Amino acid sequence: MRRIPKQTALILGCLILGMQFIPIAKRSENGKAPGRHMQETIDPQVGAILDRSCEDCHSNHTRWPWYSHVAPISWLLNRDVTKGRNKLDFSEWSREPVSANARMEICDAVSGGSMPLRGYTLLHGDAKLSEQDVNLICDWASVTEAQASAASSNAILTKTTGDR
Ligand code: HEC
């Protein structure tokens with residue numbers, strides 16, 4: 001009776017050790033051009049929330065903790081980051097303006113509670129969004145493209161006149 005758990009542990013140990021030698025087909029490396037953080041790209045307050053809670057899976061700024069290199073966790077995390085970046089990649093945002101649609105999709109995901117992924121917030125408590133965070137994101141999302149560009153040219157105007 002007492003030998004069975006020992007053998008099971010040994011077999012499990014060997015399996016986990018063996019897994020470390022199975023390469024990940026295509027590791028989601030952080031590209032050479034990680035792009036800017038959202039805080040520098042969009043509304044700073046909303047940007048800071050997205051940087052804190054979403055950046056690990058939706059940009060090239062992924063922080064890979066030590067356990068992200070240990071199979072089988074590495075396989076799962078790598079899959080999440082690949083899928084997440086395919087759906088939404090903040091690193092491309094500094095080049096393209098953010099469409100109202102893309103912003104609305106973000107508001108939907110956070111207000112519906114599907115994002116950030118639950119498994120992620122278990123490990124990263126600070127990534128959980130408060131009601132206020134969700135409201136800020138959705139206010140930013142509901143500004144139309146015309147309003148957004150008017151706001152940014154106003155900001156430029158005030159800045160240039162302010163400099164004089
Ligand atoms: C742990 C990784 C992870 C984090 C953190 C994360 N996402 Fe995602 N996100 C994903 C994955 C994976 C998908 C693709 C889901 C699918 O294909 O089923 C996704 C999909 C999405 C989509 C596409 C629509 C949808 O629901 O499938 C949006 C929008 C989105 N995420 C927004 C966010 C926002 C905003 C945050 C931060 C508040 C965030 N995500 C945080 C992994 C993550």
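What pattern does the chain follow, read along the sequence?

1. Start with that one. Read along the sequence, the pattern is α-α-α-α-α-α-α-α-α. The secondary structure amounts to nine helices and zero strands. Keep in mind as you go through these notes that this is a predicted model.

2. On the chain as a whole: there are 164 residues, and 19% of them count as buried. Taking the contacts between residues at least 6 apart in sequence, 76% join residues at least 24 apart.

3. Next, the ligand. Its surroundings are made up of 20 residues, with Cys54, Cys57, Gly84, Met115 and Pro116 the closest. Three elements give two or more residues to this shell: α4 (55-58), α5 (73-87) and α6 (100-111). Sorted by class, the shell around the ligand holds eleven nonpolar, four polar and five charged residues.

4. α6 also has a helix partner to look at. It packs with helix α8 (residues 131-142) at an angle of about 160 degrees, and the two axes are 8 Å apart. Since angles over 145 degrees count as roughly antiparallel, that is the label for α6 and α8. Their crossing is left-handed.

5. Who makes that contact? From α6 come Arg103, Met104, Ile106, Cys107, Val110 and Ser111, while α8 supplies Val134, Ile137, Cys138, Trp140 and Ala141. By class, the residues in the contact of α6 with α8 come to nine nonpolar, one polar and one charged.

6. α8 meets helix α3 (residues 44-53) as well. Here the axes come within 10 Å and cross at roughly 120 degrees, so α3 and α8 are oblique to each other. The crossing of α3 and α8 is left-handed.

7. Which residues of α3 and α8 meet? On the α3 side they are Gln45, Val46 and Ile49, and on the α8 side Asp133, Leu136, Ile137 and Trp140. The class split for the contact of α3 with α8 is five nonpolar, one polar and one charged. If you are comparing the two lists for α8, Ile137 and Trp140 are named in the contact with α6 and again in the contact with α3.

8. Aspartate 133 deserves its own point. This residue lies in helix α8 and takes part in the contact with α3. Is aspartate 133 buried or partly exposed? Partly exposed, because it has 18 C-beta neighbours inside 10 Å, where a buried residue needs 20 or more. Along the chain, aspartate 133 and isoleucine 49 are 84 residues apart, yet their C-alpha atoms are separated by 7.0 Å. Isoleucine 49 is one of the α3 residues in the contact with α8.

9. Last, glutamate 55, which sits in helix α4. That helix is among the elements giving two or more residues to the shell around the ligand. Glutamate 55 counts as buried because it has 21 C-beta neighbours inside 10 Å. Leaving out residues up to four places away in sequence, glutamate 55 touches Leu50, His61 and Phe90. Arginine 85 is 30 residues from glutamate 55 in sequence, and the C-alpha to C-alpha distance for the pair is 9.5 Å.

Note on methods:
Residues numbered from 1 in each chain as written. Predicted model: local features only at pLDDT ≥ 70, side-chain atom pairs only at ≥ 80, totals over all residues. Near = placed C-beta within 6 Å. Helix = DSSP H or I, 4+ residues; strand = E, 2+ residues; numbered from the N terminus. Nonpolar A, V, L, I, M, F, W, Y, C, P; charged D, E, K, R; others polar. Buried ≥ 20, exposed ≤ 12 C-beta atoms within 10 Å, placed from the backbone. Contact = placed C-beta atoms within 7 Å. Axes fitted to C-alpha atoms, helices over the stretch in contact; angles between N-to-C directions. Parallel < 35°, antiparallel > 145°, perpendicular 65-115°, else oblique. Left-handed = near helix turned anticlockwise from the far one by under 90°.
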